[in-house]
Amino acid sequence: MSAIILAPSRADESRSQARATDVILTGDRPTGSLHLGHYAGSLRSRLALQGQCAQTLLIADLQALTDSSGRAAHVARHVLEVALDYLAVGIDPAQTTIAVQSRLSALAELTVLYLNLVTVARLERNPTVKAEVELRGFERDIPAGFLCYPVSQAADISGFRATLVPVGDDQLPMIEQTNEIVRRVNRLANASILPECRAMLSSTPRLPGIDGRKASKSAGNAIPLGATSDEIRRLVRAMYTDPGHTRASDPGRVEGNVVFAYLDAFDPDPATVNELKERYRGGGLGDVALKRRLADVLEALIAPIRGRRAELASDRAYVMDVLRAGSERASVTTQAVLRDVRKAFALDA
Ligand code: TRP
């Protein structure tokens with residue numbers, strides 16, 4: 001399998017935020033296949049860090065159930081899809097552990113213990129939870145598991161003694177809440193048994209959906225990592241640009257223009273993108289030509305991913321094996337942490 005080539009500046013950016021001693025843990029809810037937003041936001045830094053630090057990717061199926069219990073079969077099916085996405089972009093299971101959250105019973109036990117260290121009021125104040133409650137229209141009917149998922153995420157992170165968590169900026173409140181819990185556990189234990197962690201943010205701003213709104217699989221406004229050439233062209237053609245830019249000769253807006261957001265994130269030649277921005281602003285560059293460039297850039301990025309994804313999808317036994325081996329390895333790590341935390345709670349004194 002050929003390696004994924006990262007634009008050097010972006011790979012350096014990720015590497016410079018990590019120390020060789022860092023332990024990296026991050027995860028994704030298996031509610032759909034991954035898309036270019038995941039790639040720009042976190043997959044790319046995971047690839048850059050692979051081999052440099054100990055790294056685990058957690059497929060967070062239990063977390064997915066906290067807002068999708070009615071879609072359990074869908075979640076179960078997507079565990080494998082997310083694993084395929086990881087492997088297809090170049091995550092190497094010999095260097096990065098891929099584990100399934102529900103197979104790590106230590107994480108569930110840690111969650112139960114940590115729940116005693118957090119108040120309901122604190123959970124209700126978590127800005128990410130608040131925003132998601134609103135988005136999902138839960139109002140007063142918030143599933144208790146959903147309200148508590150930051151605690152389970154603290155168990156995920158601390159269960160690996162992770163020190164660095166590559167996430168989107170929407171996850172910063174989770175990191176903060178994890179560190180609060182870690183400090184409380186350490187106070188209980190009267191020793192520093194768990195490390196605090198820091199977030200690793202990508203400098204690429206959050207990638208919008210093709211309509212300029214938040215990208216999501218369910219809204220159909222994201223470009224999947226397995227997109228066909230036709231899909232790529234169709235989605236790029238439908239991209240929101242500048243509604244005032246009707247003729248190529250008109251001056252156009254670059255800010256808020258989705259095509260430029262994607263070019264900024266993925267075009268390997270930023271100098272040319274800057275020239276295109278100047279021409280677009282001044283008038284004289286049409287949307288059709290601009291979109292053609294973007295479609296070519298995305299095709300070059302996605303084609304090898306799509307090819308590997310198809311190859312791997314025909315060998316499900318291999319993918320299941322990767323998940324089994326990764327989960328077993330992760331289970332050893334998380335059980336050791338659980339033993340220490342149980343002692344802090346005087347359970348095995
Ligand atoms: N909350 C993350 C998301 O919605 C997924 C996740 C679960 C995660 N556990 C994690 C991220 C631990 C970082 C660390 O995408």
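Which residue lies over the face of Tyr149?

**View 1. Arg29 and the ring of Tyr149.** In this predicted model, Arg29 is the residue sitting over the face of Tyr149. Its distance from the ring centre comes to 4.7 Å.

**View 2. Phe138 meets Phe146 edge-to-face.** Five aromatic pairs turn up in the structure, and this close-up picks out one of them, Phe138 with Phe146. The ring centres are 5.2 Å apart, and the planes make an angle of 70 degrees. Phe138 has 16% relative accessibility, so it counts as buried. Phe146 is buried too, since its relative accessible area is 0%.

**View 3. An aromatic cluster of Tyr39, Tyr262 and Phe266.** These rings go together as one cluster. Tyr262 and Phe266 also show up in the next view, among the residues with the most contacts inside the largest nonpolar core.

**View 4. The largest nonpolar core, with 52 residues.** Look for Leu36, Ile223, Tyr262 and Phe266, which have the most contacts inside this core. Helix 4 (residues 72-89) supplies the largest share, with nine residues. There's also a second, separate core of 40 residues, and Ala99, Leu107, Leu194 and Ala344 are included in it.

**View 5. Thr163, in a loop just before strand 4.** Here the chain runs between helix 9 (149-158) and strand 4 (164-166), and Thr163 is found in that loop. Is Thr163 buried or exposed? Thr163 counts as buried, because its relative accessibility is 16%, under the 20% cut-off. Setting aside neighbours within four places in sequence, the contacts of Thr163 are Asp22, Val23, Pro195, Glu196, Cys197 and Arg198.

Methods. Residues are numbered from 1 along each chain as its sequence is written. This is a predicted model: local features need pLDDT of at least 70, side-chain atom pairs count only at pLDDT 80 or more; totals for chains, interfaces and linings use all residues. Side-chain values use heavy atoms; hydrogens and water are left out. Helices (H or I, at least four residues) and strands (E, at least two) are DSSP runs, numbered from the N terminus. Buried means under 20% relative accessible area, exposed over 50%, partly exposed in between (1.4 Å probe, protein chains only). Contact means heavy atoms within 4.5 Å. Rings of Phe, Tyr and Trp (its six-membered ring) pair if their centres lie within 6.5 Å; planes under 30 degrees apart count as stacked, over 60 as edge-to-face and the rest as tilted. A charge sits over a ring if NZ of Lys or CZ of Arg is within 6 Å of the ring centre and within 35 degrees of the ring normal. A nonpolar core is a set of buried Ala, Val, Leu, Ile, Met, Phe, Trp, Tyr and Cys residues joined through side-chain atoms within 4.5 Å.
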